[in-house]
Amino acid sequence: MPASDVTYTALSWSPNYQTASINTSSAVYSGSAVNRAVTCSGGGTPTPATVSGTNVGSYSSTISCSAVGNYSLSSGLSSGSFSITAAPQTASLNTYSATYNGGSQTATVICSGGGTPTPATVGGTNAGSYPASSVSCSAVGNYAATGALNAGTFTINKANPTPSLSVSN
């Protein structure tokens with residue numbers, strides 16, 4: 001066979017690039033860091049190895065995956081993102097009871113996340129129970145506006161009578 005009849009085919013090779021991913025499900029704010037492990041599709045070692053966040057917001061990172069097996073070094077990869085959402089608040093009272101003294105007495109409503117409570121106080125003048133059963137807390141920082149909360153019941157207890165003796169002549 002003459003040399004002019006031989007066909008040469010150039011071999012081409014393309015590197016296999018990896019992708020990076022994280023668990024993208026959202027988390028509710030807890031005050032602690034939320035860490036999502038990064039994985040590389042080809043089994044390479046991710047840098048950074050985790051994407052982390054603590055406060056309400058969206059978190060993502062640019063990832064590099066090391067070369068491994070049939071996969072090339074891959075850098076500048078988006079891992080996706082995850083969100084931390086605002087936590088609901090709870091409401092409580094700064095005190096739950098007092099003894100009747102003839103004057104107006106109140107308990108202050110407190111929102112766990114520091115939001116402004118509505119109503120801000122609950123109480124009365126006479127002995128009895130005063131529920132704080134429909135409290136709303138405004139949104140603040142990492143905490144969501146939360147309504148229809150039961151902060152508890154403020155009770156004004158009856159006063160104990162003080163015996164007295166009067167003598168008349």
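Start by selecting valine 28: its bridge partner in strand E8 is threonine 85. Strands here are DSSP runs of E with at least two residues, helices are runs of H or I with at least four, and both are numbered from the N terminus. You are looking at a predicted model, where local features need pLDDT of at least 70, side-chain atom pairs count only at pLDDT 80 or more, and totals for chains, interfaces and linings use all residues. Residues are numbered from 1 along each chain as its sequence is written, and side-chain values use heavy atoms, with hydrogens and water left out.

**Stop one: the four-stranded sheet**

Keep valine 28 on screen and add all of E2 and E8 (residues 74-85), which pair in the parallel sense over two bridges. Two strands are said to pair if DSSP finds at least two bridges between them. Strands of a sheet pair through backbone hydrogen bonds, either parallel or antiparallel.

Now bring in E7, which runs antiparallel to E8 and is joined to it by seven bridges. Click on cysteine 65, whose bridge partner in E8 is serine 74. Cysteine 65 in E7 also serves as the bridge partner of proline 46. That takes you over to E5, which runs antiparallel to E7 (residues 57-65) with two bridges between them.

Zoom out a little and you have an open sheet of four strands, in the order E2-E8-E7-E5, with mixed pairing. Which strands are at its edges? They are E2 and E5, each pairing on one side only.

**Stop two: two cis prolines**

Most residues other than glycine have a negative phi, and most peptide bonds are trans. Next, select threonine 47 and proline 48, which are joined by a cis peptide bond with omega about -10°. Proline 48 sits in the loop between strand E5 (46-47) and strand E6 (50-53).

Then jump to threonine 118 and proline 119, where the peptide bond is cis as well, with omega near -5°. Look for proline 119 in the loop between strand E12 (117-118) and strand E13 (121-124).

**Stop three: a three-stranded sheet**

Select E10, E17 and E14 together. They form an open sheet of three strands in the order E10-E17-E14, again with mixed pairing. Strand E10 (97-99) and strand E14 (128-132) are at the edges with a single partner strand each, so one side of each has no neighbour in the sheet. From one strand to the next, the twist averages 15°; axes are lines fitted to C-alpha atoms (for helices, over the stretch in contact), and angles run from 0 to 180 degrees between N-to-C directions.

For a closer view, pick E10 and strand E17 (residues 152-157), a parallel pair with three bridges. Threonine 99 stands opposite asparagine 157 in E17.

**Stop four: two tyrosines and an alanine**

Show the side chains of tyrosine 29 and tyrosine 143. How are these two rings arranged? They make an edge-to-face aromatic pair, 5.5 Å centre to centre with 80° between the planes. Rings of Phe, Tyr and Trp (its six-membered ring) pair if their centres lie within 6.5 Å; planes under 30 degrees apart count as stacked, over 60 as edge-to-face and the rest as tilted.

Tyrosine 29 is in the loop between strand E2 (27-28) and strand E3 (34-37), and tyrosine 143 is in the loop between strand E15 (135-137) and E16, so the pair ties together parts that are 114 residues apart in sequence. Tyrosine 29 counts as buried at 16% relative accessibility, while tyrosine 143 is partly exposed at 24%. Buried means under 20% relative accessible area, exposed over 50%, and partly exposed in between, using a 1.4 Å probe and protein chains only.

Move on to alanine 148 in strand E16 (residues 146-149). Alanine 148 has a positive phi of about 55° although it is not a glycine, and is exposed, with a relative accessible area of 67%.

**Last stop: the whole chain**

Select everything. The protein chain has zero helices and 17 strands. Its radius of gyration, taken over C-alpha atoms, is 33 Å, well over the 15 Å from the globule rule (2.2 Å times the number of residues to the power 0.38) for 169 residues, so the chain is more spread out than a compact globule. The C-alpha trace spans about 150 × 20 × 15 Å along its principal axes. Of the 169 residues, 28% count as buried.
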